Number of protein chains: 2
Amino acid sequence: MSTSVEIICIGTELLIGKTLNTNAHWLAKRVTSLGLSVRRITAVPDEISEMSQVIKETLQRKPLFILTSGGLGPTFDDKTLEGVAKALGCKMEVNSNALKMIEEKYQRYVKEGLIEKSELTPPRAKMARLPEGSKPLINPVGTAPGVIIKHEDTTIIALPGVPSEMIAIFEDSVVPLLKATAGDKTFFETSLDVKGVMESDIAPLIDQVMHDNPYIYVKSHPSPTGEKVPHLELHLSTTAENSDTARNRVSRALVQISELIKQKGGKIKLLKA
Amino acid sequence: MSTSVEIICIGTELLIGKTLNTNAHWLAKRVTSLGLSVRRITAVPDEISEMSQVIKETLQRKPLFILTSGGLGPTFDDKTLEGVAKALGCKMEVNSNALKMIEEKYQRYVKEGLIEKSELTPPRAKMARLPEGSKPLINPVGTAPGVIIKHEDTTIIALPGVPSEMIAIFEDSVVPLLKATAGDKTFFETSLDVKGVMESDIAPLIDQVMHDNPYIYVKSHPSPTGEKVPHLELHLSTTAENSDTARNRVSRALVQISELIKQKGGKIKLLKA
């Protein structure tokens, strides 16, 4: 069964380097922790043509889930749903459930004294215009609902760009779907701090351990140079059918690579158990 | 003249959420500051098929530059250059200049007492195998050289994933190329802190200012909700033929949007002049 997920982050602020893409980082980590596999992360500007193009290209790779973040709000450049509709060749329509969610929010903002009038002005009502066939996902933190829509075997889930809103909708409405897909699958990782052996001399050791432990991925991350001794982090990870298998596999590889590094004169320290 | 740039970040650590993609952020900000336009940022795992696929797709969009980061080191999963070669349909070959750069590095590491032997083991020599037609770029900080190769009107530049190495090669070898392309073009940005008006009520003001100032991009970034008053950042930016024009355009739009927000009862503060 495919467990592939792609992440598409929408926002010109990412392309001009105004905003560090912590959303992609958070989503990638969380999706991986749930036993699924993120295959690609793409960031595009707030332009319908670019969004619809990247969504079409992504659909061709047939991931199980496409997660988008950004572009659901009330301003002119919040165009993600139009991009989705264009990619799927469907119309935009007012979704009555979404409209109700948004109405209730603005009524609450009036009660809380945040605004004076709860009337659904065009920018407010805009957030209830979804591609036909979509369902809104409750936003427990902000205003714009998340949106879910299925296309063939791919489920597209559009999340807001404000991190707290994205996280809240993800935890409430997306995690159950991903868990139902991944079952007991578990990602497990550990890290070793290695001093005294250069990356180029660790390379053949990694080859050997990965050959002997085919399910383990070992990656070296050199520290910025300038230190007096070679210094790097070795990261070992796997995704397995259940957590026991995952842990056992990583432990076995960890013992082997630790032994090999010591034989080369390296000093190791476990960073993450 | 097109000034489009795409960034491709290579590394499974990005897809599993181990590493926050600060490289993409740094590159996007720096490229934008030089007057060029980043059109897409993509992250893919350390797999030749994925890399070559994403490079082929990117070449079809004919950007002026493709900047990659990651995958130039000595380990088995440093495969970026193989991915480039596969995408371009060319062979890998030992580049004598690259080999010389790498040899000199390991000789220096011996002198500095970092390692005992400078011999070019296969993992070390691997870093000198480049796609045919490439030129190596001196790495002033680490070992693996950067690589530059032209395909039709697109210049592909491969940079290391270690941030200090990426930045050093970019500043020394890439900035002059981008400057020669962009000339006097300048990006200019400023930010307003806005309190007391909701994003949905600012939306029509942004529409008006962008209509009256066609070269200015205005984007609202709401603060995480939960505060007692509506709170957001308004970001105004433009890229113009020279810095005076850029500043003047942004100033004009800033005056107009400030006035409109005050009329709505909002409080503003200049965040960035």
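Here is a short chat between a trainee and a mentor about how the two chains of this predicted model fit together.

Trainee: What makes the relation between chain A and chain B a two-fold axis?

Mentor: Look at the superposition: a turn of 180° with a shift of 0.0 Å along the axis lays chain A on chain B, at an RMSD of 0.0 Å. That is how a two-fold axis relates two copies, so the name fits. And the same surface serves both, since 100% of the contact residues of chain A recur in chain B.

Trainee: Which residue of chain A comes closest to the rotation axis?

Mentor: A:Thr42, with its C-alpha at 2.2 Å.

Trainee: How do you know which residues count as being in contact between chain A and chain B?

Mentor: The test is C-beta atoms, placed from the backbone, within 7 Å. By that cut-off, 54 residues of chain A are in contact with 54 residues of chain B. Several elements of chain A supply at least two residues each, among them helix H2 (22-33), helix H8 (199-212) and strand S11 (231-240). S2(A) gives the most, with 7 residues. By class, that side of chain A has 26 nonpolar, 17 polar and 11 charged residues.

Trainee: What makes S2(A) and strand S2 of chain B a strand pair?

Mentor: Pairing takes at least two DSSP bridges between the strands. Here 3 bridges join S2(A) to strand S2 (residues 37-44) of chain B, so they pass, and they run antiparallel. As one spot to look at, A:Ile41 stands opposite B:Ala43 in S2(B).

Trainee: And how many bridges does S2(A) have to strand S1 of chain A?

Mentor: 7 bridges join strand S1 (residues 4-10) to S2(A), and those two run parallel. One example is A:Glu6, whose bridge partner in S2(A) is A:Arg40.

Trainee: Why is the pairing in the whole sheet called mixed?

Mentor: The open sheet has 12 strands, with S2(A) sitting between S1(A) and S2(B) in the order. S1(A) and S2(A) run parallel, whereas S2(A) and S2(B) run antiparallel. Both kinds occur, and the pairing is mixed. On average, neighbouring strands are turned by 20° against each other, direction ignored.

Trainee: What makes strand S6 of chain A and strand S6 of chain B edge strands?

Mentor: Each (135-137 in both chains) has a single partner strand, so one side of each is left without a neighbour in the sheet.

Trainee: What lies across the sheet strands in chain A?

Mentor: Helix H4 (residues 80-88) lies across S1, strand S3 (65-69), strand S7 (146-151) and strand S8 (154-159) of chain A, and runs at about 160° to S8(A).

How values were computed:
Residues numbered from 1 in each chain as written. Chains lettered and ligands numbered in written order. Predicted model: local features only at pLDDT ≥ 70, side-chain atom pairs only at ≥ 80, totals over all residues. Contact = placed C-beta atoms within 7 Å. Helix = DSSP H or I, 4+ residues; strand = E, 2+ residues; numbered from the N terminus. Nonpolar A, V, L, I, M, F, W, Y, C, P; charged D, E, K, R; others polar. Least-squares fit on C-alpha atoms with pLDDT ≥ 70 in both. Axes fitted to C-alpha atoms, helices over the stretch in contact; angles between N-to-C directions.
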